[in-house]
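Trainee: Please take one part of this model and go through it closely. I would like to see how its charged pairs, its buried positions and its pocket fit into the fold.

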Amino acid sequence: MTMVTTRSETERPPRSQRSPESSTDREPDELDERHEPHDPAEAAVGSGPPDAPRAGLRGVRTWRPTPRLLWIVTAVLLLAAVAVTATLGRTAWQQQREADNRAAALAAGRQIAVNFVTMNATTFDADTQRVLDDSTGAFRKEYASTLAQLKPVVTANKTVSTVERAEASLVSGDDDSAKVIVGVVAPTSNASTPKAEKKTYRLRLDLVKVGDAWKVSTLDFVS
């Protein structure tokens with residue numbers, strides 16, 4: 001009987017006899033080389049850190065403001081703009097009001113000084129009444145009390161006093177009071193001096209606001 005010896009299935013042939021297609025018999029280095037990616041893009045994607053976001057991922061949501069939110073933001077901005085405009089407008093109005101108030105006090109002080117210096121024997125009552133109309137307080141009482149004695153003197157001397165020039169300066173002032181200095185050049189004549197002589201006066205007036213009108217409460221001659 002002839003004995004047939006068979007090679008064990010588990011016995012591997014020499015490396016030189018192995019099939020080049022057998023991947024199971026290859027060395028680990030050979031397997032790594034075969035599975036290396038040849039596409040540069042694929043290699044670039046795989047080379048990043050595991051947690052890095054990749055382009056092309058689906059399901060990523062981008063935040064977009066809702067119409068309601070846009071309306072709210074717009075309304076807030078509009079309200080802020082209105083508030084700023086109102087503040088600036090009120091400031092400008094207040095500054096203009098103060099400027100107008102100072103100008104009115106200055107003009108009133110100048111005119112009162114002119115009225116006070118202006119006097120004519122033939123128009124005494126009308127001249128002095130203008131001063132009374134623009135005066136108040138202690139000055140009005142004091143001025144009114146002197147008219148009874150002043151009128152006969154002015155009439156007898158045929159006094160005429162006019163104003164050639166008047167310059168006013170505002171010393172201080174607020175909404176209800178002001179101090180004004182007025183310089184007046186007043187040509188004056190009378191029975192003994194028919195040719196008018198220029199006289200210069202410097203008056204200080206304390207003004208107060210009564211209603212919408214400025215009135216003098218104190219009047220003094222200053223040097």
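**Charged pairs, buried positions and the pocket**

Mentor: Arg-204 has a relative accessibility of 37%, and that value places it in the partly exposed class. Bear in mind that this is a predicted model. The side chain of Arg-204 forms a salt bridge with that of Asp-220, at 3.5 Å from N to O. Because Asp-220 belongs to strand β6 and Arg-204 to strand β5, the pair ties together parts that lie 16 residues apart in sequence. Asp-220 is likewise counted as partly exposed, at 29% relative accessibility.

Strand β5 also holds Asp-206. Asp-206 has a relative accessible area of 19%, and the cut-off for buried is under 20%, so Asp-206 is classed as buried. Once its neighbours within four places in sequence are set aside, the contacts of Asp-206 are Ala-178, Lys-179, Lys-215, Val-216, Ser-217 and Thr-218. Strand β6 covers residues 213-221, and Lys-215, Val-216, Ser-217 and Thr-218 appear in that contact list.

The charged pairs can be taken further. Side chains of opposite charge can pair when their charged atoms come close. The total for the model is seven salt bridges. One of them joins the side chains of Asp-127 and Arg-130, with 2.5 Å between N and O. Both residues sit in helix α4, three residues apart, which is about one turn of the helix. Asp-127 is buried, at 5% relative accessibility, whereas Arg-130 is partly exposed, at 38%.

Asp-127 is also part of a wider pattern in α4, the helix of residues 124-133. The buried residues of this helix are Phe-124, Asp-127, Thr-128, Val-131 and Leu-132. These residues are on the same side of α4 because the arc they cover around the axis is only 140 degrees.

Another salt bridge links the side chains of Arg-165 and Glu-167, at 3.8 Å from N to O. Arg-165 is partly exposed, with a relative accessible area of 45%. Glu-167 counts as exposed, at 54% relative accessibility.

Next comes the stretch that follows α5. Thr-159 lies in the loop between α5 and β2, and its relative accessibility of 16% counts as buried. Apart from residues up to four places away in sequence, Thr-159 touches Met-119, Asn-120, Ala-121, Val-154, Ser-189 and Asn-190. Val-160 is in strand β2, residues 160-161. With a relative accessible area of 26%, Val-160 is partly exposed. Its contacts, leaving out neighbours within four places in sequence, are Met-119, Asn-120, Pro-187, Thr-188 and Ser-189. Met-119, Asn-120 and Ser-189 are thus listed for Thr-159 and also for Val-160. From C-alpha to C-alpha, Val-160 is 7.8 Å from Thr-118, although 42 residues separate the two in sequence.

Met-119 leads on to the largest pocket, which has about 500 Å³ of space. The pocket is lined by 20 residues, and those closest to its centre are Phe-116, Met-119, Tyr-143, Leu-150 and Phe-221. At least two lining residues come from each of α3 (67-117), α5 (137-157), β5 (197-210) and β6 (213-221). The largest share belongs to α5, which supplies seven residues. By class, the lining is made up of 11 nonpolar, six polar and three charged residues. The strands β5 and β6 therefore appear here as contributors to the lining, and they also hold the two partners of the bridge between Arg-204 and Asp-220.

Now the setting of these parts in the whole chain. The protein has five helices and six strands, and their order along the sequence is α-α-α-β-α-α-β-β-β-β-β. Of its 223 residues, 20% are buried; Asp-206, Asp-127 and Thr-159 are among the buried ones. Taking contacts between residues at least 6 apart in sequence, 50% join residues at least 24 apart.

Terms used: Residues are numbered from 1 along each chain as its sequence is written. This is a predicted model: local features need pLDDT of at least 70, side-chain atom pairs count only at pLDDT 80 or more; totals for chains, interfaces and linings use all residues. Side-chain values use heavy atoms; hydrogens and water are left out. On a 1 Å grid over the protein atoms alone, a cavity is a set of points where a 1.4 Å probe fits but cannot get out, and a pocket is an open set with protein on both sides within 12 Å along at least five of seven lines; lining residues have an atom within 4 Å of a point. Grid points are joined across faces, edges and corners, and a volume is the space filled by probe spheres set on the points. Helices (H or I, at least four residues) and strands (E, at least two) are DSSP runs, numbered from the N terminus. Ala, Val, Leu, Ile, Met, Phe, Trp, Tyr, Cys and Pro count as nonpolar, Asp, Glu, Lys and Arg as charged, and the others, Gly among them, as polar. Buried means under 20% relative accessible area, exposed over 50%, partly exposed in between (1.4 Å probe, protein chains only). The arc is that of the directions from the helix axis to the C-beta atoms. Contact means heavy atoms within 4.5 Å. A salt bridge is a side-chain nitrogen of Lys or Arg within 4 Å of a carboxyl oxygen of Asp or Glu.
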